Amino acid sequence: MSVLTEKVMSRDWARPGQNTLKVYKEHGGYQQLKKVLEMKPSDVTDQVKKSNLRGRGGAGFPTGLKWSFVPSLEKNTKPRYLCVNADESEPGTAKDRYILENDPHLLLEGVAMACWALGAHTCYIYARGEFKYPSARLDAAIAEAYADGIFGKKLMGKDYELNVYQVRGAGAYICGEETALIESVEGKKGWPRLKPPFPAVVGVFGCPTVVNNVETIAALPRIFEKGAEWFAGLGAGKSGGTRLVTISGAVVKPGTYEVSMNTSLKELVFEKEYGGGLPEGRSVKAVIPGGSSAPVLLPEEMDVKLEFDAFKPTNSMAGSGGVIVMDDTACMVRCLWRTIRFYAEESCGQCTPCREGQPWMTRICRVLEEGKGTMEDIDTLLNVSRAIAPWPPIGLGTTICALGDAGALPVQAFVTKFRKEFEDHVHQKRCPYGDHPWGVFGEFN
Amino acid sequence: MSEPLFTPEEQKKFDAGIAELLTHYPSDRKSAAMLPALRLLQTLRGWLPPEGMKQVAQKLETTVEHCYEVATFYVMFHPEKPGKYVVDVCTSLSCSLRGAEGLLKYLETKLGTHAGTNGEQWYLREAECLASCHTAPCFQINEDHHENLTKAKVDAILEKLS
Ligand SMILES: Cc1cc2nc3c(=O)[nH]c(=O)nc-3n(C[C@H](O)[C@H](O)[C@H](O)COP(=O)(O)O)c2cc1C
Ligand code: SF4
Ligand code: FES
């Protein structure tokens, strides 16, 4: 069994006043930044590479490697930008908000480190518009950092200007996609850009830009506190550090937990420290491991470490750490309908397969759920989703951005793994679960 | 022209706010301040009235069309005047597994409205995941977030409004 014995990212969350500069500094805050500012920027990037830090925004991309794609100042003299992705909108995911709420200076210290390494003088932290409280906490922390002379004309007294601004979104999931985020920072609607060119070369205002998730950047002060080897050693395989995961749905103790990369999905669901299992008499029917776009897994597929590469054989992904559990009394057709309705609503409308396909799949799924569908509808559903992004494996999407895949993969995974439930709806001409499609916790009381 | 857009006080706030926002961007990229500028306007007026959109366009050196293009893309912006209280109920998967559909029905009955219908008092909407999946079900009323909702909790929250 693998339960994390020492918290790393969330270790200070419970400390009263941790969100204030005073308390943050009393416990060693901004000391690591001081150290980093004595290092050569390229050495900082090397340490991040050594730490095996990987992006927590969904793809698990190695952070140091991403930074190294930014061209050198000799080759490209434009200013460079850091964007922190605090859009947190993938259904099932609720972790970054706690960093903003409980430990915003940890993020800001990481921001300064990353900017130093990248040679960036401006950082935009893009937070989803619905984050009224987390954003207020972050704004207060930014103001404190300016007032204390950490940010501004002289970064901690050094001859290096650093400005950090929060940009608040306004309710568009697509702006979590890095190029849509960049468009939004530029004051436009969130239409993803075709890649290449990648943001590392052409990003905000046409300048080299790195986009990293909140949790990724907030890990930096920890890396420099105890060393890259230590951080790498905490992890598993090629994934350094620990992870914040959120478990929701049919478990006794839903919550956001920090886990080891060696913790398995099964342990997360059943251990009393984490999800605490299901209520008496109920069992797992299905579990989504990494935000609702991650292909659903069967109970027998839960023996997998919560580490980025471990999910490959399951043709699913660790994604953004949003684990959603469905019990044996939940209707899989209804669950799929809710899942893909989200992507239909949030499609930016730029490419045809996604704009037309997502709502089409959603309509078919609804018809099936209501018991008005046919066997051909099930095949049409599959065909449409395959035209957007055939699966397995992950990554064959035909659209500009991965939102196409995000809606198409769940369809194929649900229909393939629970085909009988879809057919039962057709045969019985109704939902077999009647008025209670949501399982053990589905009633509102 | 009937009423002026802002009181002199509000106009001052708006002008100062925009001036501050413009310092966050390169001087030849004023229109980058679009999202925060629209947010500022909406905070002051409760929605995005056409007169305000003109002012935003002028200050950001862009077109009114650009303002509307952005305002209509993002669901939190209100180019049409919304009811006094905008109630956004998350009905994404995790919340639905914890009673969100029942919550929505409860609100429809209690408020005498239907999701998606804009009324004078209430504008009840189905929203997408609000990062409260583990503290479901949840909603936001005029951007104030409420989680772990029960009938009793909803009653208490609504009691304080209306
Ligand atoms: C449709 C879509 C939505 C996304 N939403 C988010 C998000 O809310 N937060 C996030 O950090 N990354 C999100 N991503 C991933 C980003 O594009 C990007 O890969 C990530 O922010 C990079 O940071 P990382 O390397 O630190 O993970 C999304 C991607 C897609 C395709
Ligand atoms: S895949 Fe969908 S969300 Fe992404 S760019 Fe195309 S239409 Fe927009
Ligand atoms: S699914 Fe409702 S808050 Fe995430």
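A:Tyr173 is buried, with a relative accessible area of 16%. Here buried means under 20% relative accessible area, exposed means over 50%, and partly exposed lies in between (1.4 Å probe, protein chains only). The model is predicted: local features need pLDDT of at least 70, side-chain atom pairs count only at pLDDT 80 or more, and totals for chains, interfaces and linings use all residues. Residues are numbered from 1 along each chain as its sequence is written, chains are lettered from A and ligands numbered from 1 in the order in which they are written, and side-chain values use heavy atoms, with hydrogens and water left out.

What does the ring of A:Tyr173 pair with? Rings of Phe, Tyr and Trp (its six-membered ring) pair if their centres lie within 6.5 Å; planes under 30 degrees apart are stacked, over 60 edge-to-face, and the rest tilted. A search of the whole structure finds 20 aromatic pairs over all chains. In one of them, the centres of A:Tyr173 and A:Phe342 are 4.7 Å apart and the planes stand at 70°, so this pair is edge-to-face. The pair links distant parts of the chain, 169 residues apart. A:Tyr173 sits in the loop between strand 3 (163–168) and helix 8 (178–185) of chain A, and A:Phe342 in helix 13 (residues 332–346). Helices (H or I, at least four residues) and strands (E, at least two) are DSSP runs, numbered from the N terminus. A:Phe342 is buried too, at 2% relative accessibility.

Now follow helix 13 of chain A. Of its 15 residues, 14 are buried, so the helix is largely enclosed by the rest of the structure. The expected span is 1.5 Å times one less than the number of residues. That gives 21 Å for helix 13 of chain A, and its end C-alpha atoms are 22 Å apart, which agrees.

Other rings also have partners. Ring pairs join A:Tyr81, A:Tyr124, A:Tyr165, A:Phe205 and B:Tyr25 into a cluster. Charges can sit over rings as well: NZ of Lys or CZ of Arg must be within 6 Å of the ring centre and within 35 degrees of the ring normal. The charged end of A:Arg366 sits over the ring of A:Trp337, 4.2 Å from its centre. A:Arg128 does so over A:Phe131, at 5.8 Å.

Next, the backbone of chain A. A cis peptide bond joins A:Lys195 and A:Pro196, with omega about -10°. A:Pro196 lies in the loop between helix 8 and strand 4 (209–213). Another cis bond joins A:Trp391 and A:Pro392, with omega about -10°. A:Pro392 is in the loop between helix 15 (375–388) and helix 16 (403–417). A:Asn315 has a positive phi of about 60°, although it is not a glycine. At 25% relative accessibility, A:Asn315 is partly exposed.

Turn to chain B. Its secondary structure comes to seven helices and four strands, in the order α-α-α-α-β-α-α-β-β-β-α. Of its 162 residues, 52% count as buried. Is B:Ala131 buried or exposed? B:Ala131 is buried, at 0% relative accessibility. This residue has a phi near 60°, a positive value in a residue other than glycine. B:Ala131 lies in the loop between strand 2 and strand 3 of chain B. B:Ser132 is found in that loop, between strand 2 (122–127) and strand 3 (139–141). B:Ser132 is buried at 1%. The C-alpha atoms of B:Ser132 and B:Cys90 are 8.9 Å apart, with their positions 42 residues apart along the chain.
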